[in-house]
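Me: Could you take a close look at the nonpolar core of this model and walk me through the parts around it? I would enjoy one connected account.

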Amino acid sequence: MPDRKLLDELYRMRDFAGEEDDLERFSDILNELGQNASAEVITDLCRMLEDDVIEPSAAGDLLETIFYIADRCGIQASMHYLALGVPGLFPRAEGWAVRLHRMLLNADRPGFPYIEAYSRALRTIPARAARRVVNTLLDIKRTQPQLYLEKVDRFTEALTRGEETGENPAFASN
């Protein structure tokens, strides 16, 4: 089944009431997308998240699928699609946006430069949307400094390096 059909089915299923068959099918679709889809589906997967609609365990699986696809398809390209999808999370899925960004910060490790790639990707989106992401990351840092201080600081440094080189004049001027 082509990715578009799977994504459409997933979108329709996101508000199931925890019925076991639906949850199993939801997981099967995520597994298929994780194994076969291109990084382009990450933007669509972000669209599935809503704080009041999606079942929490299903949303957790969806977020994990995003990172699985990123590891498989390449972090740089995947973070570009994530940066395109994240602005749609605000305000309807702020809780999931926070969780996604915590996962991103925790996924960064040698050989998997999520922080650098994501900061580079954010330079390509409108400044207002990028500032929303930065504010989310700063809130994460403020509420859990022992876990995220260094990583959020590395993210803001990477983003600032882009501003200094003129990579995102819209971010710097707005």
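Reply: Happy to! The largest nonpolar core has 57 residues, and those with the most contacts inside it are Leu45, Leu49, Leu62, Ile66, Met79, Leu82 and Tyr118. Helix 4 (residues 56-73) supplies the largest share of this core, with 8 residues. Please keep in mind that this is a predicted model.

Let's follow Met79, one of the residues with the most contacts inside the core. Leaving aside residues up to four places away in sequence, Met79 touches Ala70, Leu104, Tyr114, Ala117, Tyr118 and Ala121. Met79 also takes part in a helix pairing, as one of the helix 5 residues that meet helix 7.

Now for the geometry of that pairing. Helix 5 (residues 75-85) packs against helix 7 at an angle of about 50°, and their axes lie 8 Å apart. Because of that angle, helix 5 counts as oblique to helix 7. The two helices cross in a right-handed sense. From helix 5, the contact involves Ile75, Gln76, Met79, His80, Leu82 and Ala83, while helix 7 contributes Tyr114, Ala117, Tyr118, Arg120, Ala121 and Leu122.

Helix 7 (residues 114-122) also holds Ser119. Is Ser119 buried or exposed? Ser119 counts as buried because its relative accessibility is 0%. Its side chain reaches the backbone oxygen of Glu116 at 2.9 Å. Beyond four places in sequence, Ser119 touches Phe155, Ala158 and Leu159.

A polar residue to look at next is Asp153, which sits in helix 9 (residues 145-164). With a relative accessibility of 24%, Asp153 counts as partly exposed. Its side chain is joined to that of Lys141 by a polar contact of 2.5 Å. In sequence, Asp153 and Lys141 are 12 residues apart, and their C-alpha atoms are 8.6 Å apart in space.

Finally, have a look at Asp44, which is placed in helix 3 (residues 41-47). Asp44 has a relative accessible area of 16%, so this residue is buried; the cut-off for that class is under 20%. Not counting residues up to four places away in sequence, Asp44 touches Arg4 and Leu7.

To put the two aspartates side by side: Asp44 is buried, whereas Asp153 is partly exposed. And if you return to the core, Tyr118 is a good residue to display together with Met79: both are listed among the residues with the most contacts inside the core, and the two touch each other.

How values were computed: Residues are numbered from 1 along each chain as its sequence is written. This is a predicted model: local features need pLDDT of at least 70, side-chain atom pairs count only at pLDDT 80 or more; totals for chains, interfaces and linings use all residues. Side-chain values use heavy atoms; hydrogens and water are left out. Helices (H or I, at least four residues) and strands (E, at least two) are DSSP runs, numbered from the N terminus. Buried means under 20% relative accessible area, exposed over 50%, partly exposed in between (1.4 Å probe, protein chains only). Contact means heavy atoms within 4.5 Å. A polar contact is a pair of N or O atoms within 3.5 Å; within protein, one must be able to donate a hydrogen and the other to accept it, and residues adjacent in sequence count only if both atoms are side-chain atoms. A nonpolar core is a set of buried Ala, Val, Leu, Ile, Met, Phe, Trp, Tyr and Cys residues joined through side-chain atoms within 4.5 Å. Axes are lines fitted to C-alpha atoms, for helices over the stretch in contact, and angles run from 0 to 180 degrees between N-to-C directions. Angles under 35 degrees count as roughly parallel, over 145 as roughly antiparallel, 65 to 115 as roughly perpendicular and the rest as oblique. A crossing is left-handed if the near helix is turned anticlockwise from the far one by less than a right angle, and right-handed if clockwise.
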